[in-house]
Amino acid sequence: MKKTGYRIYGGIFFALLLIPLLGMFFYRERDVNQKQALAPFPRIQTADGAWNVHFLPELGDYFSDHFAFRWEIIQANSLVKGKIFGMSGEDSVIQGRDGYYFYANSLDSYLGKSSMDERELFGTARMLALIQEYVEEQGGSFVFTVAPNKNTLYPQYMPYYYRKIRETGELERLQARLEEQGVVYADLKAAFQAEEEVLYHRLDSHWNNKGAALAMSVLLDELGQSHTDYSEIPYQTRRDFDGDLYEMVYPLGNQKDENIYYEKEFDFSYGDGFKSTEDMTIHTTNAGKGQTGAVVFRDSFGNSLTPFLAQEYGRGYFDRTVPYRVDALEEEQADALIFEIVERHLGTLAKDAPRMPAPVRDYQEWGQEESEGFTMEVEEDEDYVKVQGTLAKDSLDVESEIYVRCISPDHTVVYEATPLNRQAGGQGGYRYGMYLAKEQLRTGTYIMEVLCKKAGAWVTSGYMNSFTKG
């Protein structure tokens, strides 16, 4: 009798385990508004007809994303953790106080940890200074800004058990470097902290429309650009906004967030092919604003910011792609470049060299010592010659600028390269990169070397590579 009971118990147990798998044959998968891409069903053969050796792992990924009752199980898990224990059921979301949710990847910034060392902070500021130099040489204006993390502005809604390591975070340290480099910076953190009202969504990681209007005002004030004063415009508050963080925790939930809607019609138009403000590139026009134009580098905070900026310029080009296409300023005939990035992604700013002609520097006969630990790669990239490589940590100082000298039999040119972050994982040397505009180069073969200063003395890689301009 006891054995029979065990068998029944075991049968029920294994039947329950099989439900997610067998249920896939009859379960109708819900259409859930999730931004993450779910794994597709894998192909047995690759495009060239060979056996797909990754079929079984990919099949496992597919099952993990599509097993029966997946969303119901996630929803139930989140309800138990959220309602009973006050914790988020999703690892990438922090459940805070009074119904506020925060992105977990902003936690290091909140605690005062930094993903960048002092060399990388300098390099990031130097990169922005080089971009600003290019923009101003083209007769344009430049402004850089950081969209603060929600928990930077509203720490009172974070769970009590997160204790800060230090008050001065990565953003403040970068701001000091930006000031040293003379980079035009619009301080959104100070602007938002001056407001008594919370201007971010409870259930989302981003600012609401009132926050986007404030950001636009701060940016254009810094540029000296006239703009609409939304503080004088009536608005309505409607609870109709889908919060990204809430949807991650409760994929079947129906709770809505509040948003602000101004009683003002936008006059601008989106260009051909526009689908949503999530698009990687967006063109806008506003006939009422004449020939003014702006290039805007933005991230997801630009989704709500884009309409407010587009309203103020005759032409707008909004770009989420990397590397940053700084040379689009000339192509778009713009007179301003606005650069926005969220605080939690500061460490990615100097991941790639900006796409623009590297600045030429005065050549002089620098005395130097040869050093090891340099690398250089050279490749053609449309209208450019792309140069990138690494320098050993002990070959440069925190504030060392990096130069590449190109030498032909009758011509020598020195360019300043963009200092970049360390290699993946923070190991090895520091990276650098730059783009040489082919149209600015004389015909001929160039040999190349890297130069930088260490303790006041010039060090060189020696001749490392070459390229030919036909």
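## Exercises on side-chain contacts

The structure holds 26 aromatic pairs. The model you are looking at is predicted, so treat these exercises as a guided walk through its computed contacts.

### Exercise 1: Two ring pairs

Task: work out how the rings of Tyr160 and Tyr161 are arranged, then do the corresponding job for Phe268 and Tyr270.

Solution.

Step 1. Begin with Tyr160 and Tyr161, whose ring centres are 5.3 Å apart. Their planes stand at 80°. Planes over 60 degrees apart count as edge-to-face, and therefore this pair is edge-to-face.

Step 2. Turn to Phe268 and Tyr270, where the distance is 5.0 Å centre to centre and the angle between the planes is 85°. This aromatic pair is edge-to-face.

Step 3. Add the surroundings. Tyr160 is exposed, at a relative accessible area of 57%, while Tyr161 is partly exposed at 42%. Phe268 is buried, with 10%, and Tyr270 is partly exposed at 28%.

Step 4. Place the second pair in context: Phe268 and Tyr270 belong to one aromatic cluster, whose members also include Tyr230, Tyr235 and Phe308.

### Exercise 2: Following Arg177

Task: find the salt-bridge partners Glu180 and Glu399 of Arg177, and say where each one lies.

Solution.

Step 1. Recall the principle: side chains of opposite charge can pair when their charged atoms come close.

Step 2. Look at Glu180. The closest N and O atoms of Arg177 and Glu180 are 3.2 Å apart. Both residues lie in helix α7 (residues 170-181), 3 residues apart, or about one turn of the helix.

Step 3. Look at Glu399. Here the closest N and O atoms are 2.7 Å from one another in the salt bridge with Arg177. This pair links distant parts of the chain, with Arg177 in helix α7 and Glu399 in the loop between β15 (384-391) and β16 (402-408), 222 residues apart.

Step 4. Check accessibility. Arg177 is buried, at 10%, whereas Glu180 is exposed at 53%. Glu399 counts as partly exposed, with 48% relative accessibility.

Step 5. Widen the view: Glu118, Arg173, Arg177, Glu180 and Glu399 are linked in a network of salt bridges.

### Exercise 3: A bridge from strand to helix

Task: which parts of the chain does the salt bridge of Arg361 and Glu133 tie together?

Solution.

Step 1. Confirm the contact: the side chains of Arg361 and Glu133 meet at 3.0 Å, N to O, in a salt bridge.

Step 2. Locate the two ends. Arg361 lies in strand β12 (residues 360-361) and Glu133 in helix α5 (residues 118-137), so the pair ties together parts that are 228 residues apart in sequence.

Step 3. Note that Glu133 is partly exposed, with a relative accessible area of 22%.

### Exercise 4: A threonine and its contacts

Task: is Thr460 buried or exposed, and what does its side chain contact?

Solution.

Step 1. Find Thr460 in strand β20 (residues 457-460).

Step 2. Compare its accessibility with the cut-off: buried means under 20%. Thr460 has 4% relative accessibility, so it counts as buried.

Step 3. Trace the contacts. The side chains of Thr460 and Glu449 are joined by a polar contact of 2.5 Å. A polar atom of the Thr460 side chain also lies 3.4 Å from the backbone oxygen of Val450.

### Exercise 5: Charges over rings

Task: which rings lie under the charged ends of Lys150 and Arg238?

Solution.

Step 1. The charged end of Lys150 sits over the ring of Phe102, 5.1 Å from the ring's centre.

Step 2. For Arg238, the charged end sits over the ring of Tyr261, at 3.8 Å from its centre.

Conventions: Residues numbered from 1 in each chain as written. Predicted model: local features only at pLDDT ≥ 70, side-chain atom pairs only at ≥ 80, totals over all residues. Heavy atoms only, no water. Helix = DSSP H or I, 4+ residues; strand = E, 2+ residues; numbered from the N terminus. Buried < 20%, exposed > 50% of the residue type's maximum accessible area, 1.4 Å probe, protein only. Polar contact = N/O pair within 3.5 Å; in protein donor to acceptor, adjacent residues only side chain to side chain. Salt bridge = Lys/Arg side-chain N within 4 Å of Asp/Glu carboxyl O. Phe/Tyr/Trp six-rings, centres within 6.5 Å; stacked < 30°, edge-to-face > 60°. Lys NZ or Arg CZ within 6 Å of the ring centre and 35° of its normal.
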